[in-house]
Every structure is written in C-alpha cells, then in structure tokens.
Amino acid sequence: MKSLLHSNIIEVHNVFKSFGGVHANIDISMHVKKGGITGIIGPNGCGKSTLFNSIVGAHPIDSGSIIFEEREISKLLVGQIARLGLLRTFQQTRIYSKMNCVDNMLISVSHRKDARDGLFAPRKGETLERALSLLEFVGLYSKRNLISGDLSFGQQKLLEFAMALMNEPKVLLLDEPTAGINPTLINGLIDRLHRANEELGITLCVIEHNMRVVMNLAEHIYCLANGRLLADGKPTELQADQRVIDAYLGGGH
Ligand code: ADP
Ligand code: MG
C-alpha cells in the first residue's frame, strides 16, 4: 500500500527563522511524504521544535515557503492550519490535569471543522463515542474516568496523542513523543503510532531523540545540526553517515 503513495503532503522550502540573534532554522528544506512516517533527529537546541512551530504557524517565518497539500500556508495562523488538518503535539504535554481523561478528549475537539456546533450540541453522543474509542485505541479506556494529572507521564503522553486524534488530523507532528516515558510504554507507543499511520491513515512526522525509536518508526529521516539540515536518508543510511555520527550519535545519544 505504502509503495503507491509518493506525493509530498508537506514541503518546506528554504525556511529561515531567527529569535533575536539566534538563528534557529537556517535554509531548511525538507518534505513529508503523504501516508508515511518521517523522522527528524538532531542534538538539543538544533532547531527541531522551531521547525515544527514554523510548519504549524505558531510563529511567522523570516523567509522561505511551507506548502501543505499544494497550498502555501506560511502566512496562515495556527488555527487556520489546524483546520486544514495539520496538527502537532508538544515536547511537554498539554493536558488539563484537573480534568478526567474523557473530558480532556471532549474539550480537545475545538479545531474540528464542526466545532462551531458547540461541544454539547447534537453531535455530543457521537463525539463521546469517538472519545471512548480513541481512549481504547491508546490503551487508556480503563483509566477514562481518572483525573489526568494522576496518570503516569507516559500515560499523559498517550492521552495527548489521543486528544490530537480527536481532531481527525491528516498530518500529525509529534515532538519527542517518547521523551520521559518508561521503556515498556515506549514499545506500546511505537505500536500505536504505526497503527495510527496504517489503520487511521494519518501521515506522521516525528521528532525523536531515541535512535532505536526513530529507526523503528521512520522510513525517511532528516538530521539537523546548528539550525541547518545536515543530512537526510533512510535510517540505515543515516546510521552510517559520518557527519550524523559526529554531530549526533557520537554525542552520547
Ligand atoms: P530543539 O527542539 O532541536 O532542541 P529548538 O528549536 O527548541 O531546538 O531551539 C533552537 C534554538 O532556538 C535554541 O537556541 C533555542 O534557545 C532557540 N529558541 C527556540 N524557540 C525560541 C523562542 N521562542 N525565543 C527565543 N529563542 C528560541
Ligand atoms: Mg525541541
């Protein structure tokens, strides 16, 4: 199935982004293949999260172009881009820690096209059903009525993932989804990400520090260093690339 899918759903062309004197992204070009899983690696502070922020419209870029489904989106606002079906999750989870899991799921549908109908409008039953089935999908159904702040950090990340799925994204950008999660849950999360990609048809782009995870997930990986694109290729190609080893693998990761 995947071999039939060749088009790029996201194209980043020559993007520059600075914060004062800090050049966080310097002439970055990359693409995300529709229906696939793309990886982004690189040392801390090399500009990975900034690139995600630029793509989803969290801040304006200095120059360059970002195309989503053949449409220029670099001048759009974050809500407009979300409504097109391009969403992200955060390095630090953003859940409502005093609310239970189901309510977190229900409140996360704000970006849906039909959100103007209101949360408690006629669709509520359908939305609740969807919330429960996605909690089941990520393995949190039995915890559905627990206060989300009482979940383990890994479970909170699974909840945040399920919350993003509530919005039926075409593309989900995941910023270090396994950071701070224990190894048992990491395997579960990898499995869920593969299933979201294959069964729900969601294109994924994953920033990932854990090399084992990114090798397992992504078919194509970009490596950033010092704000620039250093190399890209298949996992096995990057693993053998001396520039990547020097910049990243050799750095104790
Ligand atoms: P990574 O995600 O690869 O660790 P970031 O994209 O978060 O890297 O950061 C890249 C650089 O940009 C860092 O030097 C960081 O301090 C800086 N930076 C990121 N976001 C901001 C911001 N909102 N304001 C100022 N500097 C920022
Ligand atoms: Mg980051």
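Guide: A polar contact is a pair of N or O atoms within 3.5 Å. Keep that cut-off in hand. This is a predicted model.

Visitor: How far is an oxygen atom of ligand 1 from a polar backbone atom of glycine 47?

Guide: The distance is 3.0 Å. That falls within the cut-off of 3.5 Å. Glycine 45 also offers a polar backbone atom, 2.7 Å from an oxygen atom of ligand 1. For serine 49, a backbone N or O atom lies 2.9 Å from a ligand oxygen.

Visitor: How much of the accessible area of ligand 1 does the protein cover?

Guide: On its own, ligand 1 has 560 Å² of accessible area, and the protein covers 58% of this.

Visitor: Which residues are around ligand 1?

Guide: Phe19, Val22, Ala24 and Pro43 are there, and so is the run Asn44, Gly45, Cys46, Gly47, Lys48, Ser49 and Thr50. By class, the shell holds five nonpolar, five polar and one charged.

Visitor: Which element supplies the largest share of that shell?

Guide: Helix H1 does, with three residues. H1 spans 48-56; strand E2, 22-33, also gives at least two.

Visitor: Now empty space. How do I find it?

Guide: Roll a probe the size of a water molecule over the atoms, and you see where empty space is left. Here the search finds one cavity of 30 Å³ or more. The largest cavity holds about 60 Å³ of space.

Visitor: What lines the largest cavity?

Guide: Its lining is Thr89, Phe90, Lys157, Glu160, Phe161, Leu174, Pro177 and Leu189. Five are nonpolar, one is polar and two are charged. Helix H5, residues 153-166, gives the largest share, three residues.

How values were computed:
Residues numbered from 1 in each chain as written. Chains lettered and ligands numbered in written order. Predicted model: local features only at pLDDT ≥ 70, side-chain atom pairs only at ≥ 80, totals over all residues. Heavy atoms only, no water. 1 Å grid on protein atoms, 1.4 Å probe; cavity = no way out; pocket = protein on both sides within 12 Å on 5 of 7 lines; lining within 4 Å. Points joined across faces, edges and corners; volume = space filled by probe spheres on them. Helix = DSSP H or I, 4+ residues; strand = E, 2+ residues; numbered from the N terminus. Nonpolar A, V, L, I, M, F, W, Y, C, P; charged D, E, K, R; others polar. Near = heavy atom within 4 Å. Polar contact = N/O pair within 3.5 Å; in protein donor to acceptor, adjacent residues only side chain to side chain. Areas by Shrake-Rupley, 256 points an atom, 1.4 Å probe, with all protein chains shown as cover.
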